[in-house]
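Please open the model in your viewer and keep the selection box at hand. We will walk through it one stop at a time.

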Amino acid sequence: HEADAYRTDLMTITRYVLNEQSRNPEARGDLTILLSHIVLGCKFVASAVNKAGLAKLIGLAGETNVQAKEQKKLDVLSNEVFVKALVSSGRTCVLVSEEDEEATFVEPALRGKYCVCFDPLDGSSNIDCGVSIGTIFGIYMIKDKENVTLEDVLQPGKNMVAAGYCMYGSSCTLVLSTGNGVNGFTLDPSLGEFILTHPDIKIPNKGKIYSVNEGNAKNWDEPTAKFVEKCKFPKDGSSPKSLRYIGSMVADVHRTLLYGGVFLYPADKKSPNGKLRVLYEVFPMSFLMEQAGGQSFTGKQRALDLIPTKIHERSPIFLGSYEDVEEIKGLYAEQA
Ligand code: AHG
Ligand code: MN
Ligand code: MN
Ligand code: MN
C-alpha cells in the first residue's frame, strides 16, 4: 500500500515537553514555558544564520548597512536575543552566557526558579564559510528564590534538570533531554515548528570515528596521544577509525551522538584545562551523552561530577560511545 505523503500527527517540541511535564503531578508548566522561549531564540538564530551569507549585501558583521546603522556580529546578536527571551520568560533568575563576562541576575519582578547557562553561538569561526554552528544550553533549578547567588550555577553538571543544543546545519535540529532520554526535533521552516524526528536517541556502544584537533598533538599528554595512535594503528586486528573534525562542538557532538565514536578536546601543555567551557559546553553535552547511553570523562573523573568554581571555567573533555570512552579511561588509569 502507498505511504502517506504527509504525516498528520505532529509531535511538536512543545507538545513533547507538555507530555513529559504531565508525568510529574507537581509540575506547573514552568519548564515548558522556559523551553518555548529558548526555542524562540533558536528560531531567530536559525533565520539570522540563513541570511549570514548575505552579510556583505545587507551589512551584517560589524559593517555599516545601507541605513548607515552599525550592524551587530551574529554571536553578539544571538546573545542579545537569548538574554531577552530568557528574561522575558519570567522563569529565570541567573543567566550565564559565553558572551558575557559576568552572570546576569534577573530583576526580582521577573524572577523564576531556573538558571540557564548557554553558548548562544558556538563554532563562530565557521560562520563566514557556511559550516554548521549551534547554540548550547544547560538548565539548573535554584534552591532559594529569595536568596539567589552564583552558587546556584556553580553546581555539578549532574544537577542539571535539562540540557540541549540546536544545530544550524543543512537542516536545523534541536536535541533535548529533560532527564528522561534524548530526543531530536527538526525545524519545519514552512510551519515554524520543531517536529520530533529523532525519538529516543541512543549512541552506538562503540564507534568508528574519532574527532579531535590533531594540530595540537605536539602538546598532548600521554593518554591522549596513545588513544589517537590506537585509533590510527589498532593493535587488535580491528580497522582504523576515521577522523572527522568540523571545529564546531555542536556539529562534532551531533555526529558523535548519531553515528557513535568519540569527540575529544583534551588538555595540552599550553592549555592544561583544555579549551571548552564547563557550564555551557562540557556539561550540557555530557548530560546528553549520558542520557543517550554514552559517557563523558575529563581525564580525571566523570564530567558531570565536576564542581565548577568560576562561571567560565574550562575542562578537558572526552565524550561519546560507552566503550570508546571506557578505553580512554583505561589509558588514564594506566598512567596514574
Ligand atoms: P565558540 O565559537 O563558542 O567560541 O566555541 C568554539 C569551540 C567549539 O565549538 C569547538 O569545538 C572548538 O572551539 C574548536 O576549537 P579549535 O579551533 O581549537 O579546534
Ligand atoms: Mn562555544
Ligand atoms: Mn560562542
Ligand atoms: Mn566565542
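Colour the protein chain by pLDDT, the predictor's confidence in each residue from 0 to 100: the mean is 92, and 93% of the residues reach 70 or more. The model scores ipTM 0.96 and pTM 0.94. This is a predicted model, in which local features need pLDDT of at least 70 and side-chain atom pairs count only at pLDDT 80 or more, while totals for chains, interfaces and linings use all residues. Residues are numbered from 1 along each chain as its sequence is written, with chains lettered from A and ligands numbered from 1 in the order in which they are written.

Next, select residues 203-331. An unreviewed UniProt entry lists this span as "domain: Fructose-1-6-bisphosphatase class 1 C-terminal"; such annotations may be inferred rather than shown by experiment. Its end C-alpha atoms lie 22 Å apart, and the span is 36% helix and 12% strand. Helices (H or I, at least four residues) and strands (E, at least two) are DSSP runs, numbered from the N terminus.

Now pick D268, in the loop between β11 (262-265) and α7 (278-291). Is D268 buried or exposed? D268 is partly exposed, because 19 other C-beta atoms lie within 10 Å; 20 or more would make a residue buried, and 12 or fewer exposed, with C-beta atoms placed from the backbone. Add W220: 48 residues away in sequence, its C-alpha is 4.6 Å from that of D268. Beyond neighbours within four places in sequence, D268 is in contact (C-beta atoms within 7 Å) with N216, N219 and W220.

Finally, show ligand 1. Around ligand 1 are E98, D119, D122, G123, S124, N213, G247, S248, M249, Y265 and K275, where a residue counts as near if its C-beta atom lies within 6 Å.

Definitions and conventions
Contact = placed C-beta atoms within 7 Å.
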